[in-house]
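Biologist: I'd like to know how the labels people put on a model are earned. Shall we go through some, one at a time?

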Amino acid sequence: MFRSLGLFNYRVWFIGALISNIGGWMQSTAQDWVVLTELTNNDATAMGVTMALQFGPPLVLVSFTGWVADHFDRRKLLMCTQTALGLLAITVGVLLLTHVMTLPLMWMFAGMFGIANAFDSPARQAFVSDVVSRQNAANAVALNSASFNTARLIGPAVGGIMIVLVGTGWMFIINAATFIAMLVALSMMRKDELEPRVKATDATRLADGFRYVARRKDLLVLFVMVFLIGAFGMNFPIFASTMALEFGRNADGYGALSSMLAIGSLAGALMAARRERARIRVVIVATGGFGIASIVSSFMPEYWMYALIVILVGFTTVSMLTTANGYVQTTTDPQLRGRVLALYMAVIMGSTPIGAPIVGWVATAFGPRTAIQVGGVAGLLACVIGAVWLVTSGRLHRSETNRFTFTLDETRPIQVVEPKIPEEFSDEIAQTTPIALPVDHDVDDAVDAAAGADRRAERP
């Protein structure tokens, strides 16, 4: 489960990310509470706009940020983005402490945070493949999620208490200090132990990432499912803060709900780390579980009952996201990995500007319980879409030994174009190999040709 931690570079990365993420969750808790209770009078719509501005840039800049992640040194790029995020956090903290922060100013800084994160996220996701080998990629992604959700467990709880004790401004200052841990970790890494990168060639263009995903039906379905959950189901700051007010709780109650969500998230991440490879069917099941858990939570009459169901919501959410991330990482052509991951992150983070204002308005107009139910329905719809694709893809067959059971074919390894730098890849790592798709060829023809060659080879 923890095999990636045996590597020095990944161990340093893991510790630095954990410290930085704790500060990030403390800041996130403070920002949501400031907008909801200090800059507005419990206006969930204003919080939705803040989230939209913060998560919109990854969607708008997706092509350029993915290209940057593929063509520049990701370690140095991360040092720049982490420094920028730290400076922004200091500025917001000072404005809050001097009592000059306004809602328009907070919206402006939310957009600036979003721009910095638009460059940081794809580089950070792709950098995992630079730190560990392909064999350990899925495990490293899952452990990254465990680190993130451990911070999610600690950060909001500590942040909620600290807001009551010292105020929201200091949360931004503390977060700025935690970025130092990430910068130190990046500086300490042994460069000679980083994995050799498959450099993107001059022939690869920004649009190649879009073309690649467009020709991978499994990735298209995955992106649609993640979009639905990201847009309408993963607005946890809105759900947790408004439900805390619904039950008559303050910032500490909001922080506690976020930590309960993180307990389930951490369990989901650790379970994902045990799996040898990421499978898309796990994503389908997890989205259905998310939809059911969300709807059930919306009917809970007591704070503690809602908090308990939130654990299951967190578990299903991270099971879906970690598996989806690992599937994308391990099945994408290395030359296009940065751009495809940028698209993936744009779907997750960029869906928020679409869904958060809508969910915020629903919470304000009809109550937080109705807003949570909207997210639950989106999860069930995502599950149905994935299940329909799975059935119609031809992978599901009736068992030859038992007529009442079915078997599921895994995706066969397909190599359409040999990469310039050979890389080892086997079924034991993932069930789908990286597919390098030439711009001027039809991938279906290449797949049919490969299948025909296999059939000829099987003849006596």
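**How the labels are earned**

Biologist: Why is asparagine 42 called partly exposed?

Modeller: Its relative accessible area is 41%. Buried means under 20%, exposed means over 50%, and partly exposed is in between, using a 1.4 Å probe and protein chains only. Asparagine 42, at 41%, falls in between, so partly exposed is the label.

Biologist: Before we go on, what kind of model is this?

Modeller: It's a predicted one, where local features need pLDDT of at least 70 and side-chain atom pairs count only at pLDDT 80 or more, while totals for chains, interfaces and linings use all residues. Residues are numbered from 1 along each chain as its sequence is written, and side-chain values use heavy atoms, with hydrogens and water left out.

Biologist: Where does asparagine 42 sit, and what is notable about its phi?

Modeller: Asparagine 42 is in the loop between α1 (8-38) and α2 (44-55). Those helix labels come from DSSP runs numbered from the N terminus: H or I for helices, at least four residues, and E for strands, at least two. The phi of asparagine 42 is near 55 degrees, which is positive in a residue that isn't glycine.

Biologist: What makes histidine 99 exposed?

Modeller: Histidine 99 has a relative accessible area of 72%. That passes the cut-off for exposed, so the label fits. Histidine 99 belongs to the loop between α5 (74-97) and α6 (103-131), and its phi is positive too, near 60 degrees, again in a residue other than glycine.

Biologist: Now threonine 168: how do you know that it is buried?

Modeller: Threonine 168 comes out at 5%, which is on the buried side of the cut-off, so buried it is. You'll find threonine 168 in the loop between α7 (137-166) and α8 (169-188).

Biologist: Which residues does threonine 168 touch, leaving out those up to four places away in sequence?

Modeller: Ala30, Val34, Glu38, Leu96 and Ile163. Touching, or contact, means heavy atoms within 4.5 Å.

Biologist: And why does glycine 291 count as buried?

Modeller: Its relative accessibility is 0%, so glycine 291 meets the buried rule. Glycine 291 lies in helix α13. Setting aside neighbours within four places in sequence, glycine 291 is in contact with Gly376, Gly379 and Leu380.

Biologist: What makes threonine 322 buried?

Modeller: Threonine 322 has 7% relative accessibility, so that one qualifies as well. Its place is helix α14 (residues 303-331), and outside its close sequence neighbours (up to four places) threonine 322 touches Val141, Ala142, Ser145 and Ala272. Its C-alpha is also 9.4 Å from that of alanine 146, though 176 residues separate the two in sequence.

Biologist: Let's move to helix pairs. Why are α10 and α13 called roughly parallel?

Modeller: Two packed helices are described by the angle between their axes and the distance between the axes. The axes of α10 (residues 217-233) and α13 (residues 280-297) cross at roughly 25 degrees and come within 11 Å. Axes here are lines fitted to C-alpha atoms, for helices over the stretch in contact, with angles from 0 to 180 degrees between N-to-C directions. Under 35 degrees counts as roughly parallel, over 145 as roughly antiparallel, 65 to 115 as roughly perpendicular, and the rest as oblique. With that angle, α10 and α13 are therefore roughly parallel.

Biologist: Which residues make that contact?

Modeller: From α10, Asp218, Leu222, Met225, Ile229 and Gly233; from α13, Ile280, Val283, Ile284, Thr287 and Phe290.

Biologist: And what makes α5 and α6 roughly antiparallel?

Modeller: The axes of α5 and α6 cross at roughly 155 degrees and come within 9 Å. The angle clears the antiparallel cut-off, so roughly antiparallel is the label for α5 and α6.

Biologist: Last one: how many residues does the largest nonpolar core have?

Modeller: It has 94. A nonpolar core is a set of buried Ala, Val, Leu, Ile, Met, Phe, Trp, Tyr and Cys residues joined through side-chain atoms within 4.5 Å. Among those with the most contacts inside the largest core are Val92, Leu222 and Phe223. Another core lies apart from the largest one, with 20 residues, including Val68 and Met182.

Biologist: And how much of the whole chain counts as buried?

Modeller: Of its 460 residues, 55%. The chain has 18 helices and 2 strands.
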